[in-house]
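Good morning, everyone. Please have the structure open while I talk, since I would like to go through a few of its details with you slowly.

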Amino acid sequence: MALLLTHLSRRLQPTHSLQLAGRALSRSSSARLCSAPLPSPLCDEHSRRVCRRPGAAPALAVRRLHTGDRRAGKVVPFLLSDIGEGIVEVVIKEWYVKEGDSVSQFDSLCEVQSDKASVTITSRYDGVVRKLYYSVDDMARVGQPLVDIESEPGSSDSEDEVQERDAIAVVGGEHYVLPTPTKVLTTPAVRRIAMENNVVLGEVRGTGKDGRILKEDVLRYVQEKEKGKPPKETAPAAPKKPAVQEVPKEAPKAPVETVAPRAQTVLLAEDKTAPVSGFTKAMVKAMKLSMTVPHFGYCDEIEMTTLVNLRPALKKSAEAFGVKFSYMPVIIKACSMALLQYPVLNASVDAACENITYKASHNIGIAMDTPNGLVVPNVKQVQNLTVLEVAQELNRLQALGARGQLTAADLAGGTFSLSNIGAIGGTYAKPVIVPPEVAIGAIGRIQKLPRFAADGSVVAAHVMQVSWSADHRVIDGATMARFSNVMKAFLEQPAAMLLQMK
Amino acid sequence: MSSLLLARPSVRLLLLAAGRRALSARPAAPQPEALSVFLSQSHNVFTNLALEDWLYRNFRFGRHNLLMVWRNAPCVVIGRHQNPWREVDTHHLHAAGMPLARRNSGGGTVYHDLGNLNLTFFSAREQYDRSANLHLVADALRQGWGFDITVNERDDILLDGAFKVSGTAAKLTRNTAYHHLTLMVNVDTDSLHRSLERPLYSGHRSLEWPLHGLKSGATESVPAPVRNLADGAPSVSMDKIVAAIGQMYLKQAGKQASRGFQMVNPSDEWFPGLAALEAGLADPGWVYGKTPRFSHTFRLAACSNVEVEVQVEKGLITSVQPLPPDNSAGVSGTEWVRSILPSAFPELLASLVGEKYCADIARRTETLLLGHTGSADTCRSDRRILAM
């Protein structure tokens, strides 16, 4: 659930959010068809009215006298556009407007039904509805006029296509790098204004329909910028981009295996408040639950020198099986072997702490940092697996986690957790137990540190810190300490592990 | 171009249309980059319909598409432009405590229970492809269990060539489209037939008022013989069907596009505004009030078989008129009634105007006409109608 919710949280912003997914929606309109004066046969009645520029002689003989300036409120028949699926006739089921109502672009006009599909027809123009060609239950033909709309005089925006393109029209100062390319909904006229005023459209909050950025929004943003904000140290104004913007290529996807470091920086000009939603909200809930458990911590140091020296040989063996070797599978297996001696640590308590269930299977969860955040998938039945099998399973989970494809089965059923925070850095930690488990361990980084050997000399030792947290209602310090000692013994002397391995 | 001038007007129109379509041809719909399957954890029909509506309004599809999988506790769902009184026996449903819902998409009436699987395919408008979705489901069923599944021209999924196991409906607007279908896995067919029984009589059993006199432009359901997938295939279970169809859906756009199955709990805190949508869908003003205009003509046996016509708009009665027989020239309905029933009160019929229509209408009309006061203004059927 956590994984999708991150996607959801990006799209769950209120509809006037700036991050709208979608491709460039440049619908061809009759305006484009008539960019050059077309000979009359190809310019039918509809286009001819729209194409006519003031003063231009009409292509065909005029049938009526023009007594006034036609530009003031021209009546345009809005044709019923192609529904698709080869449908030519639909039934009008409901009108949302009546004659005399004023509509804006994208307002719903009517509902039509074609066999099983119910389609909402939205207006393409701003204006006033002058005539409805059909009434309810009539059959409307595709391509025929549906309504007549008288567009407001002087509203040039009604024929500009509202385009959804990327927000990065102008690159401001050197410091300003947007984290991801965002797409915004505006008309070309507004984009021009934004470019002239050096405004990054991604920053402007749109107040139009579906989050469209209107001219007023850009002007308001410019005013606010001049008024209260400290002046930005901007580089000299970037060269103006040409009017036709190309959709920039998608950023190449990060390689799947490695966790990409966050390289972008964002300079916030002012405080930004966002609701806690989606994945973060799930974490809030989970942590609230964890806080009801009384934790105690126990930390220790493990000398990994022998294991580190064994690494080349183990790596070679593992490669023969096509498995990438790391210390984690060994640690997991050592943990499981120690759990065999202290099964209370592999238990589960219910919410009221009235029953404790000793779990038979060691499903050891590994906390992973994925591009979507923290997830804890688990390796099932570690007590029955060899170190190699644990490694294979771990690799599979890591690969899935990096792609955000962990299934519910992978994430559920954990009985014990380990957090390899040392992969990123750190020594001692205070991990938080994942209910309904009763213990968790955090593995630090393996560092090369000076230590005293048995004979008193100083040697270089590979030292790793481990920090345990346990539920103090059911686990006591002594149990935790003994368990930790057993695991420490296994890791410090892998040969002993060999003897006890099942 | 000269051929255009010479061509007959009808042909010219076709050529123009073709030319215009070529010029304004939409670019091919892009493939989605991510696909998810949402499993709704609610079995309340209003909550699920509201969730479907919420996703449709608030999610921008195109790059990330969804398949919503949901099931409901026993209920009946009518299409957006249907007439509930023509489709179902509202009295019977109310007595059985079965909710009646009206969905947003068109099509006919369906019975839902937990053995019925609902699948909603969400996509951008350009990517809307009903038959692809149906074939996906058919393929999943064929591959998993070897059923003899076909898709016919009415967009029904047929088992063994004859039995309907699925019904389909769709809703489209400018940017988004959804296509939902039902799949009968192991539905209680007795309950289904009882609930979808078309009312022949308008509720009052002792007198005959056939409902074939109900005329309207509302969509009519087309009844068909139905069958469950589980009949004769014991290895079928709801979870396996969901898994099979879900996996098939997720594989469509390639392995890396799959975002897996997600359990979704439709609550207002995760989906702000959901409670309002749900209230709107459960509101009798939507379920009954959205009925397209219709008229209902019936005979009152206790009143010398006089024929009465009731006009209803938006679920409210707009006129109640007795109809004189065709051979009575120029005589108004009221005069006719007075002539054959001197003790009747035809003028009382006007009090029904503005009242909510319900299946009991004939009984109420008769009561008023005969002057029996008291019980005429209460509708014995769905109490929710009174709450409208």
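Let me begin in chain A, where the side chain of A:Arg396 forms a salt bridge with A:Glu393, with the closest N and O atoms 2.9 Å apart. Please keep in mind, here and throughout, that this is a predicted model. Both A:Arg396 and A:Glu393 belong to helix H9, residues 387–403 of chain A, and they sit 3 residues apart, which is about one turn of the helix. It may help to recall that an α-helix has 3.6 residues a turn, so residues three or four places apart point the same way. As for its surroundings, A:Arg396 is partly exposed, with a relative accessible area of 36%.

That was a pair within one helix, so let us turn to chain B for another arrangement. There B:Asp160 forms a salt bridge with B:Arg227, the closest N and O atoms being 3.0 Å apart. B:Asp160 lies in the loop between strand S8 (157–159) and strand S9 (163–172) of chain B, while B:Arg227 lies in the loop between strand S11 (214–216) and helix H8 (238–250) of chain B, and therefore the pair ties together parts that are 67 residues apart in sequence. B:Asp160 is partly exposed, with a relative accessible area of 42%, and B:Arg227 is partly exposed too, at 23%.

A further example in chain B is the salt bridge in which the side chains of B:Arg364 and B:Glu355 meet, at 3.3 Å from N to O. Is each partner buried or partly exposed? B:Arg364 is buried, with a relative accessible area of 2%, whereas B:Glu355 is partly exposed, at 28%. Salt bridges can also share partners, and in this way A:Glu94, B:Arg80 and B:Lys290 are joined into one network. Over all chains, a search of the whole structure finds 21 salt bridges.

B:Arg364 brings us to helix H12, residues 361–369 of chain B, because B:Arg364 is among the buried residues of H12(B). In fact, 9 of the 9 residues of H12(B) are buried, so this helix is largely enclosed by the rest of the structure. What do these buried residues pack against? They pack against strand S13 (294–300), strand S14 (306–313), strand S15 (316–323) and helix H11 (333–340) of chain B. Just after H12(B), B:Gly371 takes a positive phi of about 80°.

Next, I would like you to look at two helices of chain B that meet. The axes of helix H6 (residues 130–145) and H8(B) come within 9 Å and cross at roughly 125°, which means that H6(B) is oblique to H8(B). H6(B) passes H8(B) in a right-handed crossing. Among the residues of H6(B) that take part in the contact are B:Leu136, B:Val137 and B:Leu141, and on the side of H8(B) we find, among others, B:Ile241, B:Ala244 and B:Met248. By class, this contact of H6(B) with H8(B) has 10 nonpolar, 1 polar and 2 charged residues.

To finish, let us step back to chain A as a whole, which has 12 helices and 19 strands. Of the 502 residues in chain A, 41% are buried. Finally, among the contacts in chain A with a separation of 6 or more, 64% come from residues 24 or more positions apart.

Technical notes
Residues are numbered from 1 along each chain as its sequence is written. Chains are lettered from A and ligands numbered from 1 in the order in which they are written. This is a predicted model: local features need pLDDT of at least 70, side-chain atom pairs count only at pLDDT 80 or more; totals for chains, interfaces and linings use all residues. Side-chain values use heavy atoms; hydrogens and water are left out. A salt bridge is a side-chain nitrogen of Lys or Arg within 4 Å of a carboxyl oxygen of Asp or Glu. Helices (H or I, at least four residues) and strands (E, at least two) are DSSP runs, numbered from the N terminus. Buried means under 20% relative accessible area, exposed over 50%, partly exposed in between (1.4 Å probe, protein chains only). Axes are lines fitted to C-alpha atoms, for helices over the stretch in contact, and angles run from 0 to 180 degrees between N-to-C directions. Angles under 35 degrees count as roughly parallel, over 145 as roughly antiparallel, 65 to 115 as roughly perpendicular and the rest as oblique. A crossing is left-handed if the near helix is turned anticlockwise from the far one by less than a right angle, and right-handed if clockwise. Contact means heavy atoms within 4.5 Å. Ala, Val, Leu, Ile, Met, Phe, Trp, Tyr, Cys and Pro count as nonpolar, Asp, Glu, Lys and Arg as charged, and the others, Gly among them, as polar.
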